[in-house]
Amino acid sequence: MTAREGGLTLRGDVLGFDGLYLRLRTDAGEVTLDYAAVTCDGAACPDPATHVPDLRLSGAARMGEVLMPALIEGFAFAEGYAARREEDSAILFSYVISDRATGQDLHRFSFRLTTTDEGFADLLSDAADVALSVRELRPAEREAGLAAGLGDLALAERSRIIALDGLVPIVSAAQDRQDIDIDVLSRAYAGEIDNWSEIGGPDREMTLHLVDETEGHAQGFVDRVVAVGGASLSDRVIHHVDAAALAAAVSADPGALGIVPYRAYGDARPLAMAGACGRSSAATLETLKTEDYPLTMPLFLYLPIRRLPPVAAEFLGWLRTERAQFIVRRAGFVDLGAEPIPVAAQGQRFAGAIEVAGPEITLADLQQMVRVLGRRDRLSTTFRFEVGSTRLDAQSRSNVYQLARAIRDGTYEGQTLLLAGFSDGVGVAAANRALSGARAESVLRELVAALGGSLPPRVRVRTAAFGEALPMGCDDTEWGRQTNRRVELWVDATGAAR
């Protein structure tokens with residue numbers, strides 16, 4: 001590569017070309033060059049007139065079998081492109097985006113569907129441009145990405161949540177049980193419980209089922225449930241090639257307990273997640289969106305520091321639109337759109353608040369909370385924080401961008417949004433109220449930053465602090481405390497987006 005104006009010559013291997021910019025591996029490292037500003041000599045030099053940029057996506061089959069193809073086809077239709085599928089096998093295929101009028105190919109999305117682990121491996125070896133992941137990045141993968149020059153993949157701008165999923169315990173329909181304690185689930189899969197009688201059930205051996213350990217959902221379950229207390233997965237666990245095979249095995253065995261993704265239950269029966277205090281949460285569209293269900297699992301696209309071809313960048317921006325989120329739901333996943341939840345539909349939550357009220361949370365405190373929230377609708381958009389941190393978790397960081405886009409698009413013009421902070425019940429109530437207010441203020445700062453430093457003139461955002469007044473989980477477990485530490489989004493009831 002030689003600069004047209006002279007003074008610079010580079011030699012190396014072509015890594016990619018997006019039609020405008022060329023990536024080159026040189027002795028000095030990877031460089032990106034404006035192709036129009038250089039001359040190229042060598043067999044690998046691309047021809048801009050005939051080159052079709054290719055975005056290579058590798059990783060979780062759960063995302064690539066239905067969801068991503070549906071989104072690409074929906075994007076092409078919405079933006080006036082044509083899309084065709086070219087298939088080498090069930091796991092190796094491409095979607096080619098072309099100009100509907102001229103038939104010219106504009107972009108290719110190439111898929112390799114395996115596991116989340118394989119997706120990250122391909123990203124690190126430059127065999128992929130995007131990793132499809134059904135779990136959050138692990139520390140070792142983050143370090144490997146930094147060492148490989150991919151940038152910090154843990155940063156919000158290096159990932160994109162496209163939908164929500166969940167991990168759900170299932171049992172045979174012959175079981176009478178309706179829910180299971182998340183700590184019991186942890187102990188069972190760590191090998192500490194082997195009979196249902198140990199948790200109040202019949203005298204029957206408990207058989208444990210999980211998909212293959214290399215699959216992202218299994219890894220996410222181990223990371224978030226089994227390993228939390230320092231345990232490891234029991235060698236009694238029976239592994240299956242996919243969720244369908246797992247669900248079939250569980251449905252046929254009255255002693256079985258399995259973990260599958262949301263809605264992948266087959267003929268088995270899903271259990272709600274419960275706590276020792278009696279509160280429980282089933283996996284539903286609402287509880288997964290709000291993260292009130294403790295095993296909500298975002299679905300990620302991880303993207304290294306790299307220029308994207310124009311159509312690929314256009315596609316990633318389109319993923320945040322309402323039409324894209326409609327397709328997510330039609331594909332059987334949980335979308336990121338904000339759903340209004342009227343106060344009238346939240347009787348159980350408010351009844352729970354009354355039940356646990358005491359000397360520190362008085363009737364007057366609850367009345368004040370109802371006065372503030374009673375004339376508003378809660379939106380499913382909720383903000384939670386990483387364990388032991390004031391940093392928003394991955395889903396909440398995505399929620400900030402979704403909310404900022406909705407505000408920019410005029411969804412809440414002329415309305416007042418309320419960020420209501422809540423805490424767990426550990427410690428003094430006054431301190432918890434102050435802490436919940438600080439969390440609400442931190443979400444407001446993130447939102448303003450996402451909007452470029454200021455709110456539009458016809459949208460108002462206020463904060464309120466209610467401390468431990470409205471618990472969602474049991475404070476005697478870390479799971480429950482994490483669920484209770486949150487910032488909820490409320491909007492004027494007469495103007496809620498429906």
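Trainee: Why is Arg85 called partly exposed?

Mentor: In this predicted model, Arg85 has a relative accessible area of 34%. Buried means under 20% and exposed means over 50%, with partly exposed in between. The value of 34% falls between those limits, so Arg85 is partly exposed.

Trainee: Where is Arg85 found, and what does Arg85 touch?

Mentor: Arg85 is part of strand S7, residues 81-87. Setting aside residues up to four places away in sequence, Arg85 touches Pro69, Phe93, Ser94 and Tyr95. Arg85 and Val96 are eleven residues apart in sequence, and their C-alpha atoms are 6.5 Å apart in space.

Trainee: What makes Ser380 count as buried?

Mentor: The relative accessibility of Ser380 is 2%. The limit for buried is under 20%, and 2% is under it, so Ser380 counts as buried. Ser380 lies in strand S21, residues 376-384.

Trainee: Which residues does Ser380 touch, not counting those up to four places away in sequence?

Mentor: They are Lys289, Thr290, Gly337, Ala338, Glu339 and Ile341. Ser380 can also be paired with Leu489: the two are 109 residues apart in sequence and 7.4 Å apart in space, C-alpha to C-alpha.

Trainee: How do you know that Ser398 is buried?

Mentor: Ser398 has a relative accessible area of 7%. That is under the 20% limit, so Ser398 is buried. Ser398 is found in helix H13, residues 394-408. Apart from neighbours within four places in sequence, Ser398 is in contact with Ile161, Arg320 and Leu336.

Trainee: Is Glu360 buried or partly exposed, and what makes Glu360 so?

Mentor: Glu360 is partly exposed. The relative accessible area is 41%, and partly exposed lies between the 20% and 50% limits, so the term applies to Glu360. Glu360 is placed in the loop between helix H11 (347-356) and helix H12 (363-373).

Trainee: Which contacts does Glu360 have, leaving aside neighbours within four places in sequence?

Mentor: Glu360 is in contact with Asp365, Gly427, Val428, Ala429 and Glu468. A separation of 9.3 Å is found between the C-alpha atoms of Glu360 and Ala469, which are 109 residues apart along the chain.

Trainee: What is notable about the phi of Asp126?

Mentor: Asp126 has a positive phi, about 65°, although Asp126 is not a glycine. Asp126 lies in the loop between H3 and strand S10 (130-133). The relative accessible area of Asp126 is 15%. This is under 20%, so Asp126 is buried.

Trainee: What is the phi of Glu291, and why does Glu291 count as buried?

Mentor: Phi of Glu291 is near 60°, a positive value in a residue other than glycine. The relative accessibility of Glu291 is 12%, under the 20% limit, so Glu291 counts as buried. The place of Glu291 is in the loop between helix H8 (285-290) and S19.

Trainee: How many helices and strands does the protein have, and why is it called as compact as a globular protein of that length?

Mentor: The protein has 15 helices and 24 strands. Its radius of gyration is 25 Å, and the globule rule gives 23 Å for 498 residues. The two are close, so the protein is as compact as a globular protein of that length. Along the principal axes, the C-alpha atoms fill a box of roughly 80 × 60 × 45 Å.

Trainee: What share of the 498 residues counts as buried, and what does the protein expose?

Mentor: Buried residues make up 52% of the 498. The protein exposes about 21,600 Å², and carbon and sulfur atoms supply 51% of that area.

Trainee: Which residues have the most contacts inside the largest nonpolar core?

Mentor: Tyr189, Phe221 and Leu257 have the most contacts inside this core, which has 57 residues. The elements giving two or more residues to this core include helix H3 (116-124), helix H5 (182-189), helix H6 (216-226) and strand S15 (256-261). S11 gives the largest share, six residues. A second, separate core has 37 residues, among them Leu67, Phe111, Val130 and Leu319.

Trainee: How do contacts and charges spread over the protein?

Mentor: Of the contacts between residues at least 6 apart in sequence, 70% join residues at least 24 apart. The mean positions of the 51 positive and 69 negative charges are 7 Å apart.

Definitions and conventions. Residues are numbered from 1 along each chain as its sequence is written. This is a predicted model: local features need pLDDT of at least 70, side-chain atom pairs count only at pLDDT 80 or more; totals for chains, interfaces and linings use all residues. Side-chain values use heavy atoms; hydrogens and water are left out. Helices (H or I, at least four residues) and strands (E, at least two) are DSSP runs, numbered from the N terminus. The radius of gyration is taken over C-alpha atoms; the globule rule is 2.2 Å times the number of residues to the power 0.38. Buried means under 20% relative accessible area, exposed over 50%, partly exposed in between (1.4 Å probe, protein chains only). Contact means heavy atoms within 4.5 Å. Accessible areas come from the Shrake-Rupley method with a 1.4 Å probe; for residues, only the protein chains shown count as cover. Lys and Arg count as positive and Asp and Glu as negative; His and the chain ends are not counted. The place of a charge is taken as NZ of Lys, CZ of Arg, CG of Asp or CD of Glu. A nonpolar core is a set of buried Ala, Val, Leu, Ile, Met, Phe, Trp, Tyr and Cys residues joined through side-chain atoms within 4.5 Å.
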